[in-house]
Amino acid sequence: MKREVVVTGIGAITPLGIGATTLHERWAAGDCAISDGLAECEGFDPGDFLTAKEARRADRFTQLALAASDEAIATAGWAGEPPYPPEAVGCIFGTGIGGIATIEANHDKLAHDQPVAPLAVPLMMGNAGAAAIAMRHRAKGPVYSVLSACAAGAQAIGAAARAIESGEASAVITGGSEAAITPLARAAFAALDALSPRGISQPFDARRDGFVMGEGAGALVLEDGEHARDRGAGILARVRGYGASCDAYHLTAPDQDGRGQAAAIGNALRDAEVMPGEIDYVNAHGTSTPLNDRAETLAIKRAFGEAAMRVPVSSTKSAIGHLLGAAGAVEAIATILAARARVAPPTLGLEEPDPELDLDYVPREARTLAPAGGRHVIALSNSFGFGGHNAVLCLEAQ
Amino acid sequence: MPATTTPDQVEPVLTEALIGFGTPAEAINPDVTFEALDIDSLDLVELAQIVDERFGVELKTNDLKDIHTLGDLVATVVSRA
């Protein structure tokens with residue numbers, strides 16, 4: 001029998017501010033962090049979390065990952081002495097792109113006949129976040145990065161859950177980070193027509209025209225449920241299930257009938273041993289692109305059947321834009337806190353419904369969740385990435 | 001590049017680099033070991049790059065293995081410049 005996986009720690013640095021609670025409270029209150037078509041972590045000062053030397057040794061995506069992981073470790077009650085031998089602790093962290101600011105800065109040096117920095121490779125590599133967290137918190141078990149574009153954060157959490165279920169690790173620090181608001185990344189996404197020309201994130205609205213780039217990091221501490229309970233840990237949620245699939249259809253566009261995404265949702269529900277009608281809330285991928293929001297709506301209908309029309313669905317990206325490889329992790333945290341507060345946070349900016357999109361997208365204002373019999377809220381968090389990567393987490397508040 | 005390179009020219013450049021790496025200025029002196037200053041192999045490679053740029057002295061990984069203090073590094077640079 002597979003081991004139970006629980007979430008004991010969470011941390012987030014997002015455009016809405018420092019801290020997981022800030023993310024939840026501000027989103028639920030209807031605050032939007034998008035300004036001038038971008039969602040930056042303006043309040044993040046690496047010096048608040050890292051020494052000058054540590055900050056210099058880390059690209060911004062790693063700095064964000066380290067700051068989020070510190071909060072997650074603290075909420076898990078690990079500050080001081082971790083409750084497991086280092087060999088039993090893993091770190092599996094996602095990113096979509098890695099240290100692209102470092103790549104751009106060093107390419108600039110090369111173009112101007114200046115020497116490239118010896119730190120260029122250790123800062124730009126996609127696994128730098130996972131490696132830095134492992135060094136900081138002495139994780140000597142399985143440590144690696146997951147790079148599956150905008151599904152990376154969720155796939156990292158899924159991989160972390162699997163590592164605990166199989167007994168490969170007793171605890172895993174997991175999540176995702178991204179800091180790709182750089183000239184090259186912005187130009188590249190714009191060249192793909194992926195970004196909103198108006199700079200507005202309004203998922204599921206008839207006027208949606210692309211996503212808004214965001215940055216940030218989300219970190220979670222997952223533990224073997226039995227060990228966590230034995231040590232008297234505060235348990236925030238259970239990872240009930242995880243499902244993944246690939247469209248194997250197109251490098252950037254989702255399969256338009258939502259089959260691949262529906263398969264991932266179905267896999268997560270089966271893994272969780274939960275029926276669609278028992279899901280109280282869906283945190284959508286909801287990018288605000290014309291293609292995603294239509295395909296995702298079809299996917300939810302395909303996977304949920306009749307229950308699709310009853311489940312509240314909302315998009316965190318309406319408040320913080322698209323955090324790419326961090327999105328799945330930050331949104332899993334938002335989902336956990338929403339489930340614990342028994343509230344469906346709103347899809348902001350949804351004012352003109354698209355006639356083709358007819359689910360309950362919780363427009364404008366948060367709504368109370370009231371599962372039958374007063375049981376814990378069970379929710380899904382969807383994440384889909386370029387490359388056709390689909391990852392879905394089933395999370396139950398505790 | 002001057003005709004002769006003196007310790008007085010080299011030491012301030014390397015001290016400034018170490019401070020830039022995040023080493024507290026008050027901890028730096030010619031005799032304290034790099035290990036005690038938390039200066040590791042990545043920092044040494046960066047120092048070597050600065051030495052090459054500023055003094056035209058190329059230090060390879062093999063040259064760095066016997067350099068344990070700022071004083072060692074200054075002496076090596078001066079002797080090869």
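User: Before we start, what makes a residue buried here?
Analyst: A residue counts as buried if 20 or more other C-beta atoms lie within 10 Å of its own. Keep in mind that this is a predicted model.

User: OK, so what share of chain A counts as buried?
Analyst: 60% of the 398 residues of chain A do.

User: And how does the radius of gyration of chain A sit against a compact globule?
Analyst: It agrees: chain A has 19 Å, and a compact globule with 398 residues would have a radius of gyration near 21 Å. Along the principal axes, the C-alpha atoms of chain A fill a box of roughly 60 × 50 × 40 Å.

User: How many helices and strands in chain A?
Analyst: There are 13 helices and 15 strands in chain A. Take the contacts in chain A between residues at least 6 apart in sequence: 81% of them join residues at least 24 apart.

User: Let's look at H1(A) and H13(A). At what angle do they cross?
Analyst: The axes of H1 (residues 20–28) and H13 (residues 327–341) of chain A cross at roughly 65° and come within 9 Å. So H1(A) is roughly perpendicular to H13(A), and the crossing is right-handed.

User: Which residues make that contact?
Analyst: From H1(A), Ala20(A), Leu23(A), His24(A) and Trp27(A); from H13(A), Val330(A), Ile333(A), Ala334(A), Leu337(A), Ala338(A) and Ala341(A). Nine are nonpolar, one is polar and none is charged.

User: Switching over, how many residues of chain B are in contact with chain A?
Analyst: Seven residues of chain B, in contact with eight residues of chain A. On the chain B side that touches chain A, three are nonpolar, two polar and two charged.

Technical notes: Residues are numbered from 1 along each chain as its sequence is written. Chains are lettered from A and ligands numbered from 1 in the order in which they are written. This is a predicted model: local features need pLDDT of at least 70, side-chain atom pairs count only at pLDDT 80 or more; totals for chains, interfaces and linings use all residues. Two residues are in contact if their C-beta atoms, placed from the backbone, lie within 7 Å. Ala, Val, Leu, Ile, Met, Phe, Trp, Tyr, Cys and Pro count as nonpolar, Asp, Glu, Lys and Arg as charged, and the others, Gly among them, as polar. Helices (H or I, at least four residues) and strands (E, at least two) are DSSP runs, numbered from the N terminus. The radius of gyration is taken over C-alpha atoms; the globule rule is 2.2 Å times the number of residues to the power 0.38. A residue is buried if 20 or more other C-beta atoms lie within 10 Å of its own, exposed if 12 or fewer, and partly exposed in between; C-beta atoms are placed from the backbone. Axes are lines fitted to C-alpha atoms, for helices over the stretch in contact, and angles run from 0 to 180 degrees between N-to-C directions. Angles under 35 degrees count as roughly parallel, over 145 as roughly antiparallel, 65 to 115 as roughly perpendicular and the rest as oblique. A crossing is left-handed if the near helix is turned anticlockwise from the far one by less than a right angle, and right-handed if clockwise.
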